[in-house]
Amino acid sequence: MAKPVHGATTVPPDPRGPESRVRFSREGLRASLWFWPSCASLAALVVSLLLMQVRPGDDAAWAQWIWPAGVEAASSLLQTVATSVMTAATVTFSLTVVALQLASQQFSPRLLREFARDVRTQAVLGVLLGTFLVSITGLHGMDPGRPVPVLVVGLVYVLGIASGIVLLLFIGHIARSLRVDTMMRNAHQGCLTVLRETYPLSETGEVQEFEQPEGGTLVSVGRSGIVQAVEWKPLMTVLQQHRLSMGVMVQPGDHVTFGSPVARVWADDGREVPLPAVRKALAEALEIGYERTPEQDAALGLRQLTDIAVKAISPSINDPITAAHAAGYCADLLVDLQRRRLGAEAHRDAEGVQRLVTEGRDYRYFLDLVCGPVRRYAQSEPIVLTAVLRLLRDCAATAVNDGQREEIRRQNSLVLETVRGEMVVADEEEIRDMGRRVEEALAGDLDAAFSDRAGETRSV
């Protein structure tokens, strides 16, 4: 057992190998294209088996109203619906695959998860598969020597109509989903939701930092992957029980490898650190997977929008207007971040003792995330460079502290340094004019920053 000393002691991961756990989360189930359709299919199967027991005689008026014909006609209906629904399900899957392929190649591979977690797509697949299962279950229960299970036939009749309606609605929905503006809007709305859940409102936009003692014991991670979520409540229970303090060194969106340190632990009064309990609690607290998820990752939406912008200005697509629109969506998110409390978060136990500090991102990180890639790939495209400077002007107009203004000024200088000498004079003058407007907005002169001849500094 290692004691806290002035130099940090690194504790290797468990020599038994990487942890292998199957963990189910609400976000993971929502992003799985099979889960909810499977639940709907199972429910349809159970309902059909129950309704199969209802076989009223020919003298029942309500049964004649639901299905006036015999077993052969009912079997024909169920066969027709089952065949048609499977054809519709094939079309639905084909359209979904086309959407996934287009989104991956032309926009960003990180958008595929958004299609998989689309509620409408999962609902359509659930209705179609449920209708198919009810139909074939009804066919299996048809017996010429027994009365018709009219409730099953009536249910198939209703589900068949519903399947046709949802298929038409799905075609319209997928056509809207393939529009790049819809993808950017969805990424923007998803990111805004995570920002509001992750970072509290703050009129001063401070970035929190917490002092931690020197030394301690570094605890390594027992598996590789991307941190998807950090659940601090299990950690707090163990830390309070063993009188420990911990600083978590990773956060959602970070990539970790087997054996790399992810936390630093201190014990009160120099006692020994119970490493087995700490490892177990840390393994429960860190949800590590193979891809980034929007559950707690506030930067993922900005990364998706940045990917769209970079793809749009690539030689294979050459669509600077889309890149400029993506920068506009990023500007709205960055402006929202300015009035939120960023940085690390401290968690205290019931006695008010600070037991846990979790890492957090600062304003520079988010500005670099958006401006850096777009600036580097758009060195010769004035439309995109002007859009980045327009983003900085919007942020400068609403900055709430000097730290934010300094970061905006830094990004403005980097963009102006990016301007290539082979640009024509008019394009270079346009870019430098927008850079001047950023400085005027930083100085508080919004009239000079936003006044123009014909709205050319607001549109693309």
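Which residues does Leu342 touch, not counting residues up to four places away in sequence? In this predicted model, the list runs to Tyr199, Glu206, Val207, Gln208, Leu337, Arg361, Asp362 and Tyr363. Leu342 itself sits in strand E9, which covers residues 342-343. With a relative accessible area of 2%, Leu342 is buried, because anything under 20% goes into that class. One of the partners can also be placed by its backbone: Tyr363 is 21 residues away from Leu342 along the chain, and the two C-alpha atoms are separated by 7.4 Å.

Salt bridges come next. Side chains of opposite charge can pair when their charged atoms come close. A search of the whole structure turns up 19 salt bridges, and a few of them are worth walking through one by one.

Arg361, already met as a contact of Leu342, forms a salt bridge with Asp254, and the closest N and O atoms of this pair are 3.3 Å apart. Arg361 lies in the loop between E11 and helix H13 (363-377), while Asp254 lies in the loop between E5 and strand E6 (255-256), so the bridge ties together parts that are 107 residues apart in sequence. Arg361 is buried, with a relative accessible area of 9%.

Another pair is Arg355 and Asp268, whose closest N and O atoms are 2.9 Å apart in a salt bridge. This one also links distant parts of the chain: Arg355 is in strand E11, Asp268 is in the loop between strand E7 (261-267) and helix H10 (275-285), and their positions lie 87 residues apart in the count. How covered are the two partners? Arg355 has a relative accessibility of 1% and counts as buried, whereas Asp268, at 22%, counts as partly exposed.

A third salt bridge joins the side chains of Glu351 and Arg243, at 3.5 Å from N to O. Here, too, distant parts of the chain are linked, with the two residues 108 residues apart: Glu351 is in the loop between strand E10 (345-348) and strand E11 (354-358), and Arg243 is in the loop between helix H9 (232-242) and strand E5 (244-248). Glu351 counts as exposed at 56% relative accessibility, and Arg243 is partly exposed at 31%. Arg243 has a backbone quirk as well: its phi is near 55°, a positive value in a residue other than glycine.

Put side by side, some of these residues belong together. Arg243, Asp268, Asp349, Glu351 and Arg355 are linked in a network of salt bridges.

Arg243 has company when it comes to positive phi values. Asn318 also has a phi near 55°, again in a residue other than glycine. Asn318 is found in the loop between H11 and helix H12 (320-338), and its relative accessible area of 57% makes it exposed, because the cut-off for that class is over 50%.

On the surface, two patches stand out for discussion. What kind of charge gathers where Arg120, Arg176, Arg179 and Arg185 come together? These four residues make a patch of positive charge. Arg185, one of the four, is found in helix H8 (residues 180-198) and is partly exposed, with a relative accessible area of 44%. The other patch is nonpolar: Tyr157, Val158, Ile161, Ile165 and Leu169 make a surface patch of about 520 Å². Leu169 belongs to helix H7 (residues 150-177) and is exposed, with a relative accessible area of 58%.

Two threonines round off the picture. Thr386 is placed in helix H14 (residues 382-398) and is buried, with a relative accessible area of 3%. Leaving aside neighbours within four places in sequence, Thr386 is in contact with Glu430, Ile431 and Met434. Thr293 is found in the loop between strand E8 (286-289) and helix H11 (300-312), and at 3% relative accessibility Thr293 counts as buried. Thr293 and Ala449 are 156 residues apart in sequence, and their C-alpha atoms are 38 Å apart in space.

How values were computed: Residues are numbered from 1 along each chain as its sequence is written. This is a predicted model: local features need pLDDT of at least 70, side-chain atom pairs count only at pLDDT 80 or more; totals for chains, interfaces and linings use all residues. Side-chain values use heavy atoms; hydrogens and water are left out. Patches are made of residues with over 30% relative accessible area and no salt bridge: like charges are joined within 9 Å, nonpolar side chains (Val, Leu, Ile, Met, Phe, Trp, Tyr) within 5 Å. Accessible areas come from the Shrake-Rupley method with a 1.4 Å probe; for residues, only the protein chains shown count as cover. Lys and Arg count as positive and Asp and Glu as negative; His and the chain ends are not counted. The place of a charge is taken as NZ of Lys, CZ of Arg, CG of Asp or CD of Glu. Helices (H or I, at least four residues) and strands (E, at least two) are DSSP runs, numbered from the N terminus. Buried means under 20% relative accessible area, exposed over 50%, partly exposed in between (1.4 Å probe, protein chains only). Contact means heavy atoms within 4.5 Å.
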